[in-house]
Structure formats: structure tokens, C-alpha cells
Amino acid sequence: MSGKDPGARGRFPRCVLFDLDGTLLDSAPDMAATVNRMRAARGAPPMPLADLRPHVSKGARAMSAAAFPELAGEVPPEVVREFLAVYAEELGRHGAAFDGVEAMLAALEADGARWGIVTNKPEYLARGLMPALGWDTRSGVLVGGDTLAERKPHPLPLLHAAEAMGFAVADCVYVGDDERDIVAARAAGMRSLVALWGYRLRHDDPLAWQADAMVATPADLLEPDAWP
């Protein structure tokens with residue numbers, strides 16, 4: 001325990017940056033609907049959500065590879081383009097914020113902290129989700145995978161987000177569910193926290209990522225001592 005006074009202002013980090021898919025947003029149902037539309041168009045049966053969920057944080061190419069294992073990981077660009085086009089139609093229709101995320105964001109805001117989003121999802125797709133979630137007016141910054149010349153695990157998106165929000169890196173914490181998130185935070189010199197409720201492949205070992213902290217649920221982040 002850090003001995004923070006839970007009644008004091010500033011009990012949470014001053015700036016929290018979040019990954020989107022698998023951290024704030026359970027987008028797996030939208031992506032499963034996308035995959036199964038693509039499979040149906042080819043006469044293939046639907047895949048169970050549970051089989052697809054671990055791949056969500058890896059992006060469109062990984063989701064396409066999971067959808068069509070016969071490609072043996074060699075996904076043609078036109079399949080990725082098809083995935084993105086269908087996903088744009090399914091965007092926000094099936095997924096929702098993870099349980100406890102809204103309460104956690106509200107607690108940060110009530111404490112005077114600010115928060116933003118740094119994702120590898122293409123910016124136009126991430127931005128398209130914001131109004132329905134009510135985050136378009138609350139998130140202080142949105143950096144997508146194509147916003148800048150680099151994407152995670154490069155540190156540039158995190159450094160850009162902190163600067164855009166007017167915070168020093170030392171005042172920020174990055175929260176994500178994928179190893180790339182932690183690698184990017186470490187390279188940026190930013191504290192990091194693993195969202196264990198997110199999407200992981202069976203062989204992923206969050207302990208090996210060497211984040212500053214790990215939490216099991218968004219509700220755990222209502223406790224100031226859970227933050228690094």
C-alpha cells in the first residue's frame with residue numbers, strides 16, 4: 001500500500017492513456033460478426049466468439065488469419081481490406097465498454113484526472129465509435145494506428161498523446177492488454193499497467209512483459225493504490 005489518502009485530490013494519475021480494443025472496449029463481438037460475414041460469403045460455417053476473442057488485440061490481419069486458418073498466416077492484402085470494409089459496417093453494433101469501465105472513467109474525471117486513447121486501430125474506425133460510447137467529448141486525445149508515421153510498439157504515439165494533452169511523460173500511465181502496449185510505454189519512459197481482462201493468446205505471459213502493475217478488472221482501478 002502506498003499510503004495515499006483516498007479522500008485527497010489527485011489520488012489517481014493526472015493523465016491516463018488507454019488502449020481501446022481489449023482495454024476500454026469489448027469489440028470482439030463486432031469483429032466476430034465481421035469474420036462470420038466473410039466466412040458466410042465463402043460458404044463456411046460461423047466461428048465461435050470464444051475462438052476469435054484471443055486474436056482481437058492483434059489487429060485486422062491477425063483476425064483474418066484466425067478466420068481463415070487455411071491461409072497459414074499468409075493473409076493477402078485484399079482480405080485485410082475486405083475485413084476492414086465489413087468491420088466498418090459492423091462497427092459498434094455488437095460490442096460495448098467492458099463492465100466497470102464507465103465507473104472507472106467517471107472516477108478519474110471526478111478526481112480531476114484526464115484520459116485519452118492510443119490504439120493501433122485505424123483512426124477513422126476508432127473515431128467512428130466515440131459518439132455512441134459518449135467518449136468523443138470526454139477523451140482528451142485519440143491517436144490511431146495510422147495517425148502518425150509510427151504505431152505501437154513504437155513509443156511515438158504515446159509521446160504524441162502526452163504532448164497533445166499537455167502532460168509530461170512522468171505524469172502519465174498507459175493501460176493496455178497487449179505486449180505491444182507495454183513495450184511502447186517502456187520505450188516512451190511511461191508507467192504501464194496490464195489490463196488482464198483483455199484479449200490474450202494462450203501462450204501470452206503478461207508477467208514477462210514487465211509492466212509496472214497488472215489488474216484483473218476495471219473495478220480494481222477504483223482503488224488508487226492499484227495504479228503504478
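Visitor: Which residues does UniProt list for "binding site", and how far apart are their C-alpha atoms at most?
Guide: In this predicted model, the residues to look at come from an unreviewed UniProt entry, which lists Asp 19, Asp 21 and Asp 177 for "binding site". They gather at one spot although they span 159 residues in sequence, because no two of their C-alpha atoms are more than 8.4 Å apart. The lining of the largest pocket takes in two from this set, Asp 19 and Asp 21. The names asked for are thus Asp 19, Asp 21 and Asp 177, and the limit on their C-alpha separation is 8.4 Å.

Visitor: Is Asp 21 buried or exposed, and which side chain does a polar contact of 2.5 Å join to that of Asp 21?
Guide: Asp 21 lies in the loop between strand 1 and strand 2, and its relative accessibility of 8% falls under the 20% cut-off, so Asp 21 counts as buried. Among its contacts beyond four places in sequence are Met 31, Tyr 87, Lys 121 and Asp 177. The polar contact of 2.5 Å joins the side chain of Asp 21 to that of Ser 27.

Visitor: What is the relative accessibility of Asp 177?
Guide: Asp 177 is found in the loop between strand 6 and helix 8, where it touches residues including Asp 19, Asp 21, Tyr 199 and Trp 209. Its side chain also shares a polar contact of 2.5 Å with that of Ser 57. Asp 177 counts as buried because its relative accessibility is 0%.

Key:
Residues numbered from 1 in each chain as written. Predicted model: local features only at pLDDT ≥ 70, side-chain atom pairs only at ≥ 80, totals over all residues. Heavy atoms only, no water. UniProt positions renumbered as here; feature names shortened; annotations may be inferred. 1 Å grid on protein atoms, 1.4 Å probe; cavity = no way out; pocket = protein on both sides within 12 Å on 5 of 7 lines; lining within 4 Å. Helix = DSSP H or I, 4+ residues; strand = E, 2+ residues; numbered from the N terminus. Buried < 20%, exposed > 50% of the residue type's maximum accessible area, 1.4 Å probe, protein only. Contact = heavy atoms within 4.5 Å. Polar contact = N/O pair within 3.5 Å; in protein donor to acceptor, adjacent residues only side chain to side chain.
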